[in-house]
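Let's work through a few short exercises together, with the structure at your side. Take each task first, then follow the solution step by step.

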Amino acid sequence: MTSNPSPAASTYDVVLIGGGIMSATLGAMLRQLEPGLSIALFGRLDDVALESSNGWNNAGTGHSALCELNYTPLRPDGTVDISKAVNVNEAFQVSRQFWSYLVESGQIASPRDFLNPIPHMSFVWGPENVDFLRRRHAALQEHPLFAGMSLSTDEGQLRQWMPLVMQDRAPGQKLAATWHPAGTDVNFGALTHRLIDLLQGKPGFDLHLAHEVEDLKPAGGNGWDVSVRAVHGGGERRVRAKFVFIGAGGGALHLLQKSGIPEARGIGGFPVSGQFLRCTNPEVVGQHHAKVYGKASVGAPPMSVPHLDTRVIDGQRGLLFGPYAGFSTKFLKQGSWLDLPRSIRMDNIGAMLAVARDNMPLTKYLIQQVMQSSEDRLKALRDFVPTARKEDWELITAGQRVQVIKKDAKRGGVLQFGTEVVTGADGSIAGLLGASPGASTAAPIMLTVLERCFGDRLPQWESRLREMIPSYGVKLGQDAALCAQVRERTRTALQLDG
């Protein structure tokens with residue numbers, strides 16, 4: 001894919017900054033809702049989906065809380081809180097509906113281009129963890145969004161579900177796992193390409209790759225002046241946009257700060273890098289068909305929950321294990337070592353120092369992760385794959401994540417592990433910060449952007465929104481019949497299991 005070689009327009013209705021899944025999703029939604037909008041996308045790299053959206057830069061889990069234990073914390077009274085799990089699953093159902101609409105309308109030829117059914121599992125060992133998993137399963141199985149989840153402590157059943165994980169496992173361990181057939185593996189890089197292809201197939205869209213947005217300034221009375229530099233040629237230009245969306249991953253924070261909107265004041269970022277062990281040996285890969293999530297170490301951030309994942313990238317199957325957390329001052333994988341220091345301002349330094357003070361366990365954990373040897377990483381892998389051989393696994397670097405730091409009246413500052421939509425008061429600009437569940441919830445996040453920034457147009461868009469997302473405006477968890485109907489429709493359209 002190459003950038004649009006023409007000079008193109010100097011004024012657009014919408015400018016999208018960043019070539020990942022978020023910009024692509026918003027662009028595709030807007031094109032469905034109002035085909036006459038003029039849209040431009042500016043990406044800093046030579047292709048789209050080369051940062052966090054790239055297939056090998058993330059684990060590809062369609063996050064629906066079927067397997068992720070960090071979404072179901074244990075309360076002090078011993079009960080399991082499933083509220084976050086319900087919200088995450090609700091959000092993923094919105095993404096499934098949007099993707100189904102694009103497949104059913106023929107705008108994406110096949111869901112297999114980016115999506116594969118892979119069972120989602122939680123796996124624990126030790127009496128305390130087994131008891132927790134039982135409680136979690138009991139709390140979830142009664143909810144319509146989690147219907148179909150199975151629990152087992154039987155070794156024979158566990159061998160059927162995950163033979164590679166159970167092979168040569170030491171006898172006598174107390175084990176338990178849950179299994180759900182409706183899990184997915186998503187190649188967000190391939191999905192990004194499909195959405196950009198959809199946009200390029202219609203008039204009124206300009207794609208400018210290898211173009212870096214360097215500054216944003218309010219235009220006199222209406223919209224934004226966007227300063228752009230061609231990465232290879234060095235030429236600079238300015239375009240005007242009525243609406244700007246900053247979906248540039250970790251790079252969004254700098255641009256939000258440059259915009260000068262009050263809503264971005266006081267926000268900081270904490271970058272966390274990650275690595276995975278990858279296996280492409282067919283003999284090993286063929287023994288595992290699941291995404292198996294365990295429990296995070298004490299002090300570890302939620303994004304560092306260990307998991308063993310079947311991946312399908314461009315038709316080729318592989319396995320990922322990790323992530324192994326690390327630290328880098330870059331805000332993007334192909335960013336600058338000065339990203340973190342350049343993000344520190346007088347309005348956010350207090351919150352950042354407060355977070356540093358209050359998160360010593362996280363700091364200790366990151367130091368330990370950075371100091372790990374290859375043998376340490378292999379030892380962690382063998383908790384999931386007892387027969388793992390070093391020569392079958394290679395270390396790869398994941399996409400960079402930047403966690404949001406915000407001011408807090410009581411603590412000075414707090415570190416957030418979710419995603420944050422920042423919008424200007426007049427609705428002319430929005431930016432996305434944060435990480436997990438991220439890409440899986442791109443569609444509902446973009447609905448939030450539409451509601452905040454295009455509120456005056458929502459009445460005329462509502463019927464089309466309901467065509468794209470039948471549950472729009474309704475909580476599936478509160479309507480069992482609609483929940484079953486939506487799940488079945490999307491299962492059929494996306495050729496999924498469960």
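**Exercise 1. Decide whether Phe321 is buried or exposed, then find its ring partner.**

Step 1: Phe321 has a relative accessibility of 2%, so Phe321 counts as buried (buried means under 20% relative accessible area, exposed over 50%, partly exposed in between, with a 1.4 Å probe and protein chains only). A word on the source: this is a predicted model, in which local features need pLDDT of at least 70 and side-chain atom pairs count only at pLDDT 80 or more, while totals for chains, interfaces and linings use all residues. Residues are numbered from 1 along each chain as its sequence is written, and side-chain values use heavy atoms, with hydrogens and water left out.

Step 2: Phe384, at 2% relative accessibility, counts as buried.

Step 3: Phe321 and Phe384 form a tilted aromatic pair, with 5.2 Å from centre to centre and 50 degrees between the planes. Here rings of Phe, Tyr and Trp (its six-membered ring) pair if their centres lie within 6.5 Å; planes under 30 degrees apart count as stacked, over 60 as edge-to-face and the rest as tilted.

Step 4: Phe321 belongs to strand 15 (residues 316–326) and Phe384 to the loop between helix 12 (374–382) and strand 16 (394–397), so their pair ties together parts 63 residues apart in sequence. Helices (H or I, at least four residues) and strands (E, at least two) are DSSP runs, numbered from the N terminus.

Step 5: Ring pairs join Phe321 and Phe384 with Phe123, Trp125 and Tyr324 in a cluster.

**Exercise 2. Count the aromatic pairs and classify the one formed by Phe92 and Trp99.**

Step 1: The pairing rule gives eleven aromatic pairs.

Step 2: For Phe92 and Trp99, the ring centres are 5.8 Å apart and the planes stand at 80 degrees, so this pair is edge-to-face.

Step 3: Phe92 is buried at 1% relative accessibility, and Trp99 is buried with a relative accessible area of 4%.

**Exercise 3. Find which charged residues lie over the faces of Trp56 and Phe132.**

Step 1: The test asks for NZ of Lys or CZ of Arg within 6 Å of the ring centre and within 35 degrees of the ring normal.

Step 2: Over the face of Trp56 lies Arg278, at 4.7 Å from the ring centre.

Step 3: Over the face of Phe132 lies Lys295, at 4.6 Å from the ring centre.

**Exercise 4. Place Arg229 and describe its exposure.**

Step 1: Arg229 is in strand 10 (residues 224–230).

Step 2: With 22% relative accessibility, Arg229 counts as partly exposed.
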